[in-house]
Amino acid sequence: MSGTGNLVAEGRRRVEWAASQMPVLEAIRSRWCRERPLAGVRLAACLHVTTETANLMLALRDGGAEVYLCGSNPLSTQDDVAAALNGVYGVATYARRGESVDEYFANIDRTLAAKPHLTMDDGADLTARAHTAQRETLEGIVGGTEETTTGVIRLRAMSASGDLKYPVIAVNDARTKQMFDNRYGTGQSTLDGLLRATNMLLAGKVLVVAGYGWCGKGVAMRARGMGARVIVTEVDPLRALEAVMDGFQVMPMLDAAHTGDVFVTVTGNRGVIGPEHYKLMKDGAILANSGHFDVEIDVAALESMATSAREVREHVVEYKADGRALLVVSEGRLVNLAAAEGHPASVMDMSFADQALAAAHLWGSGRGLPAGVHALPAELDASVAALKLSSMGVEIDRLSDSQVDYITSWRHGTGA
């Protein structure tokens with residue numbers, strides 16, 4: 001078998017393994033094979049090209065959509081999966097691991113060249129591109145979805161300025177996404193990437209988590225579970241207070257810089273770690289990012305300060321400055337996807353079920369939504385949770401008629 005054939009076969013094998021861990025998405029896909037709710041839809045997706053994403057693409061395809069996929073990060077594409085999508089599954093996929101920034105945007109343009117009716121985004125680069133360099137595509141777009149916190153922040157800014165021209169469902173904000181994918185998925189996969197890249201022992205280390213949103217909570221929880229002493233940095237007083245009451249030490253990054261052995265950024269903002277922090281860090285401090293874009297750690301500033309730089313392990317570059325070594329993992333890009341495989345399939349099962357249902361909603365009953373950022377309908381969010389519980393063999397109670405009456409009427413009070 002040729003090298004390409006080996007890549008396709010490996011990709012297919014891994015896609016099938018992920019499918020076995022994604023029962024909710026598989027249930028939707030099976031139903032959609034009959035119902036075809038996306039018949040006639042052209043859908044452009046800009047997502048991390050992983051085994052889990054492949055299964056989402058197959059569900060959309062079997063639901064009737066003509067799907068075009070590109071990567072949402074230059075280092076997150078799994079080449080065997082891209083090969084299998086193109087070579088076996090018939091999903092046009094424009095992505096390769098390690099593509100340049102120019103290639104990255106050229107591949108986004110290739111998906112938009114299909115003149116999509118729906119967009120599906122992870123970080124909002126595709127949506128932004130449709131509103132800037134490819135504005136001619138806007139006329140045919142009915143709506144879109146967004147997977148990440150970073151993307152939703154960008155879209156809300158676009159909406160506030162009047163620049164967002166079609167409705168987008170913030171899948172990231174669905175409870176079945178935030179509470180599970182962001183927390184448990186990011187927590188586990190971030191540490192997985194760190195450990196694969198460095199082979200360090202977390203027990204006894206001081207690990208600094210920048211940001212205590214759902215993703216930061218997950219990283220902090222998992223790091224503590226592996227024996228690290230966790231420090232949290234925050235700008236939001238409510239989140240900082242939550243971190244304190246969850247038992248974590250909270251301080252400014254300038255104070256944490258003296259103490260940390262490992263730093264993980266999950267803020268969705270830029271310049272979280274920069275020159276003022278590098279000057280204070282220990283020899284051998286490790287820096288990694290699990291936010292969507294490679295702007296949270298100012299790697300360019302570290303490069304300019306360094307007297308030398310060398311790759312000491314795959315995915316790890318050592319920068320020497322002032323007689324100290326600082327180690328940057330995966331170029332400051334998404335460590336869980338650049339140095340590992342991303343979130344486990346069983347948690348992406350719910351997130352991608354949300355994505356699939358959001359797309360069908362936009363093409364069906366949500367067709368008349370105004371331009372702006374919208375929530376996934378609560379009943380769809382709850383249906384995904386119910387399907388997940390069923391797949392796990394878990395049963396729950398149901399409200400009785402009298403209980404429903406009690407919580408939906410204002411007339412029941414003291415003694416009633």
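Which order do the strands of the open sheet have, and with what pairing? I looked this up before anything else, and I found seven strands in the order β3-β2-β1-β4-β5-β6-β15, with parallel pairing.

**Ground rules.** I noted that this is a predicted model, in which local features need pLDDT of at least 70 and side-chain atom pairs count only at pLDDT 80 or more, while totals for chains, interfaces and linings use all residues. I number residues from 1 along each chain as its sequence is written, and side-chain values use heavy atoms, with hydrogens and water left out.

**The sheet.** I took helices (H or I, at least four residues) and strands (E, at least two) as DSSP runs, numbered from the N terminus, and I called two strands paired if DSSP finds at least two bridges between them. The edge strands are β3 (92-94) and β15 (372-374), each of which pairs on one side only. The twist averages 20° from one strand to the next, where angles run from 0 to 180 degrees between N-to-C directions and axes are lines fitted to C-alpha atoms, for helices over the stretch in contact.

**Strand β1 and its partners.** I then followed β1 (residues 42-46), which is largely enclosed by the rest of the structure because four of its five residues are buried; buried means under 20% relative accessible area, exposed over 50% and partly exposed in between, with a 1.4 Å probe and protein chains only. β1 pairs with β2 (residues 66-70) in the parallel sense over five bridges, and C46 stands opposite C70 in β2. Together with helix α3 (residues 51-62), β1 and β2 make a right-handed β-α-β unit, right-handed being the case where, with the strands pointing away from the viewer, the path from the first strand over the helix to the second runs clockwise. Four bridges join β1 to β4 (residues 118-121), again in parallel, and the bridge partner of L43 in β4 is L118. I went on to β5 (residues 143-146), which pairs with β4 in the parallel sense over four bridges, with D121 opposite E146.

**Helices on the sheet.** Helix α7 (residues 149-160) lies across β5, β6 (167-170) and β15, running at about 135° to β15. Helix α15 packs on the sheet as well, touching β1, β4, β5 and β6, and its direction makes about 165° with that of β5; I count contact as heavy atoms within 4.5 Å.

**α2 against α15.** How far apart are the axes of α2 and α15, and at what angle do these helices pack? I read 7 Å and about 30° for α2 (residues 23-35) and α15 (residues 345-363). The two are therefore roughly parallel to each other, a label for angles under 35 degrees, with over 145 roughly antiparallel, 65 to 115 roughly perpendicular and the rest oblique. The residues in contact include I28 and W32 of α2, and F352 and L357 of α15.

**Two single residues.** Is H361 of α15 buried or exposed? H361 counts as buried, because its relative accessibility is 17%. Leaving out residues up to four places away in sequence, I found that H361 touches I169, G366, R367, L369, P377 and L380. A243, found in helix α10 (residues 237-245), also counts as buried, at 0% relative accessibility. Apart from neighbours within four places in sequence, A243 is in contact with Y212, V232, F248 and V250.
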